[in-house]
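Let's take a friendly walk through a protein model together. Keep the sequence and the 3D view open, and follow along as each part comes up.

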Amino acid sequence: MRVAVVYTGEPRTFENCVDNHKQFLEGCSVHSYHSTWTKDNTERNNELMNLAPGTQAKNFVDYSAPDRPDLWRFEKLLLSNKKNHPIFMFGRIQYMTSKGFEPIYDRMDDYDLVIKLRYDFEYEGRLLDYVPQSNLHGKLFITKKMGGRSHPRNVWDGFAFGTPYMMSWYFDCHRFVPFSLFHQEIANWKYSPEYVLGYYLQHTGAEVIDSGVQPVHQFPDNIEEHRRRRTTQYYVDLLNSHPEFWGQIENDCPSTPHETLIARLKEKGFEVQ
């Protein structure tokens, strides 16, 4: 089976996961495509990407997304309406993710399957054991074993597979994000990426199927420190992109109390209270 693997995000801990990925993809003819931020275009990260099987292309995307003012407009609208720590960067993240798939548009006939993997997760079993023998047309396979269980519609964005055509819809979620708050069900719900992705996929008409794949997160450090670093980075992004909302957005991370957050932000040069 001819498989295109799309990797997106920061290639942290990939050196610890790549052997597992090669086992997971055993029996497949594999090419890989990569997308991350320009700030992560380092010699070290390029070396990590080259560990992947059959690396074909790498895309580096400016985190500020200057060519997507619609995403900035959406972020301000979202932050104005949601004070519960919404993941306002979701559109930018999905835009960067789409760039991993972009080179495949000209090679759709070269592959039987496209699969989305995360650099920092291991996956149990073998892909071929999860691929049904029946017609794959109109189907997207995801996993319900990650991504929050607060709503049955939630779809985690760290694993999916389908035909190249169906996965082209999956990677187009960034086009929907600027309009997502105009959908009442999303506007009424805490703005979570898993819910928005699940809602979008349902409205593409895809048959979304739980593959049963079990992902295992390989943290770069202990889980509490990982959460503190992520929370701090969220507020760094907020202060850099939309500083007018500082103090209005609730910090709901129990591992990073306000005093800890302030201390970490001051270490990064922000004068905040």
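## Starting at helix α9

Just after helix α9 comes Gly205, a residue with a positive phi near 90°. Please keep in mind that this is a predicted model.

Is α9 itself largely enclosed or not? This helix covers residues 193-203, and 8 of its 11 residues are buried, so the rest of the structure largely encloses it. If you want to find the buried residues of α9 in your viewer, look for Pro193, Tyr195, Val196, Leu197, Gly198, Tyr199, Tyr200 and Leu201. Their cover includes the helices α4, α6 (164-170), α7 (173-176) and α8 (184-187), together with the strands β6 (139-142) and β8 (207-210).

## The nonpolar cores

The largest nonpolar core has 53 residues, and the members that touch the most others are Ile104, Val114, Met167, Tyr170, Ile186, Tyr191 and Leu265. Which helix gives the most to this core? That is α9, with 6 residues.

Tyr170 is a good residue to click on. Leaving out neighbours within four places in sequence, Tyr170 is in contact with Lys116, Leu140, Trp156, Asp157, Phe159, Ala160, Leu197, Tyr200 and Leu201. There is also a second, separate core of 26 residues, which includes Val3, Val5, Trp156 and Phe159. Notice that Trp156 and Phe159 are among the contacts of Tyr170.

## Helix α4 and its partner α3

Now turn to α4, one of the elements that cover the buried residues of α9. Helix α4 has 12 residues and reaches 17 Å from its first C-alpha to its last, close to the 16 Å expected at 1.5 Å a residue. Of those 12 residues, 11 are buried, so α4 is largely enclosed by the rest of the structure. The buried residues of α4 include charged ones such as Arg92 and Lys99, alongside Phe90, Tyr95, Met96 and Phe101.

How do α3 (residues 69-81) and α4 (residues 90-101) sit relative to each other, and at what angle do their axes cross? The axes come within 9 Å and cross at roughly 150°. Angles over 145 degrees count as roughly antiparallel, and α3 and α4 are therefore roughly antiparallel to each other. At their contact, Leu71, Trp72 and Glu75 of α3 meet Gly91, Arg92 and Tyr95 of α4. Sorted by class, this contact has 3 nonpolar, 1 polar and 2 charged residues.

The loop between α3 and α4 holds His85, which has a positive phi of about 60° although it is not a glycine. Ala65 is not a glycine either, and has a positive phi of about 45°. You will find Ala65 in the loop between β3 and α3.

## Helix α10

Helix α10 (residues 223-241) has 19 residues, which should span 27 Å at 1.5 Å a residue; the end C-alpha atoms are 27 Å apart, which agrees. Among the buried residues of α10 are Glu225, His226, Tyr234, Tyr235, Val236, Leu238 and Leu239. The buried residues of this helix pack against α3, α4, β9 (215-217) and α11.

## Buried or exposed?

Here are some single residues with their relative accessible areas. Under 20% counts as buried, over 50% as exposed, and anything in between as partly exposed.

| Residue | Relative accessible area | Class |
|---|---|---|
| Ala65 | 2% | buried |
| His85 | 10% | buried |
| Asp40 | 11% | buried |
| Asn50 | 47% | partly exposed |
| Glu267 | 69% | exposed |

Asp40 is found in the loop between β2 (29-37) and α2 (43-49). Not counting neighbours within four places in sequence, Asp40 is in contact with Glu10 and Asn45.

Asn50 lies in the loop between α2 and β3 (55-61). Beyond the residues up to four places away in sequence, Asn50 touches Thr55 and Lys58. How far apart are the C-alpha atoms of Asn50 and Asn135? They are separated by 33 Å, and the two residues are 85 residues apart along the chain.

Finally, Glu267 belongs to helix α11 (residues 258-267). Its C-alpha is 27 Å from that of Asp120, and these two residues are 147 residues apart along the chain.

Notes. Residues numbered from 1 in each chain as written. Predicted model: local features only at pLDDT ≥ 70, side-chain atom pairs only at ≥ 80, totals over all residues. Heavy atoms only, no water. Axes fitted to C-alpha atoms, helices over the stretch in contact; angles between N-to-C directions. Helix = DSSP H or I, 4+ residues; strand = E, 2+ residues; numbered from the N terminus. Parallel < 35°, antiparallel > 145°, perpendicular 65-115°, else oblique. Contact = heavy atoms within 4.5 Å. Buried < 20%, exposed > 50% of the residue type's maximum accessible area, 1.4 Å probe, protein only. Expected span 1.5 Å × (residues − 1). Core = buried A, V, L, I, M, F, W, Y, C linked by side-chain atoms within 4.5 Å.
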